[in-house]
Amino acid sequence: MSEARINITKTRDITTPTYYVQAIQTEFKDFAYDEDRAVELRGHWRKKSFGVDDGNWPLDLEIGTGNGFFFAHRAQAEPGRLLVGLELKFKPLIQSIRRALKAGAANARIARYHANFLENLFSPGEINHVFVHHPDPWTKRSTQKHRLLKAEYLIKLHGLQKADCFVDFKTDSREYFFWALEQFKQTPYIFERYSENLHSSEWSGENFTTFFERMFLEKGQPIFYLRVRKAVAQ
Ligand SMILES: C[S@@+](CC[C@H](N)C(=O)[O-])C[C@H]1O[C@@H](n2cnc3c(N)ncnc32)[C@H](O)[C@@H]1O
């Protein structure tokens, strides 16, 4: 689907901006980017956004940060890596970057951008690990076309990652999980971890429970988990 067909008002075109809309350009302008500023960083995130000269410095991506508990945790826990978040909604976007900064993380940035069009933000091989936690599952038949993790999209994402890097995908939706699994099978990714109940799996100890995940856990629902990896370059 082309960018023009996905009708999301650009930040600059919002006629009555809330505090959260304005904060991207004011209070958090050094750490948060609207669509226009974000695309200027394509291919140069390390240097232009983080001031890091080393092109091999790890740069990870979280798609759909929500209110940013994982985003802040990850940035703080991994000071030797850079972390870029993508979020469409203004309030969670600002909550995410504020939470990370409050936690003392200097290695976090966030952009307001539709994740479908990642190729406008990153050049081939620019990204290391990718986190997609509880993306909107779009379970109604008429809305399934909005699902993010389509095979075509995953192949694009694969091209934007460095070799030997992973994608972590978690969801509370059984339907979305098995659908996405079929999509991943159509890509060059190598399957590395798989669980239909992450919290009773061997990876539960290292898992960070996100805000959405907690809501579903409290209802007694299992969390589905997949890790795939881009093969080491030969
Ligand atoms: C269900 S929430 C999950 C949030 C968080 N990852 C968690 O686990 O708590 C999905 C988030 O993704 C954001 N989102 C949905 N579609 C997106 C897109 N195409 N690009 C960027 N963010 C998106 C939504 O605004 C929402 O905050």
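**Close-up 1. The surroundings of Gln183 in the predicted model.** Leaving aside residues up to four places away in sequence, Gln183 touches Leu149, Lys150, Ala151 and Leu154. Gln183 itself has its place in helix H7, which covers residues 174-184. Because Gln183 has 17 C-beta neighbours inside 10 Å, and a residue would need 20 or more to be buried and 12 or fewer to be exposed, Gln183 counts as partly exposed. Arg42 lies 141 residues apart from Gln183 along the chain, and the C-alpha atoms of these two residues are separated by 26 Å.

**Close-up 2. The crossing of helix H4 with helix H5.** Two packed helices are described by the angle between their axes and by the distance between the axes. Here the axes of H4 (residues 69-77) and H5 (residues 90-102) come within 8 Å and cross at roughly 30°; since angles under 35 degrees count as roughly parallel, H4 and H5 are therefore roughly parallel to each other. The crossing in which H4 passes H5 is right-handed. On the H4 side the contact involves Phe71, Ala72 and Ala75, which meet Ser96, Arg99 and Ala100 in H5. Sorted by character, the residues of this contact comprise four nonpolar, one polar and one charged.

**Close-up 3. The shell of residues around the ligand.** The ligand is surrounded by 20 residues, of which Gly64, Gly66, Ala115, Thr210 and Phe212 are the closest. Helix H8, formed by residues 211-218, gives the most to this shell, contributing three residues. When the residues of the shell are divided by character, nine are nonpolar, seven are polar and four are charged.

Technical notes. Residues numbered from 1 in each chain as written. Predicted model: local features only at pLDDT ≥ 70, side-chain atom pairs only at ≥ 80, totals over all residues. Near = placed C-beta within 6 Å. Helix = DSSP H or I, 4+ residues; strand = E, 2+ residues; numbered from the N terminus. Nonpolar A, V, L, I, M, F, W, Y, C, P; charged D, E, K, R; others polar. Axes fitted to C-alpha atoms, helices over the stretch in contact; angles between N-to-C directions. Parallel < 35°, antiparallel > 145°, perpendicular 65-115°, else oblique. Left-handed = near helix turned anticlockwise from the far one by under 90°. Contact = placed C-beta atoms within 7 Å.
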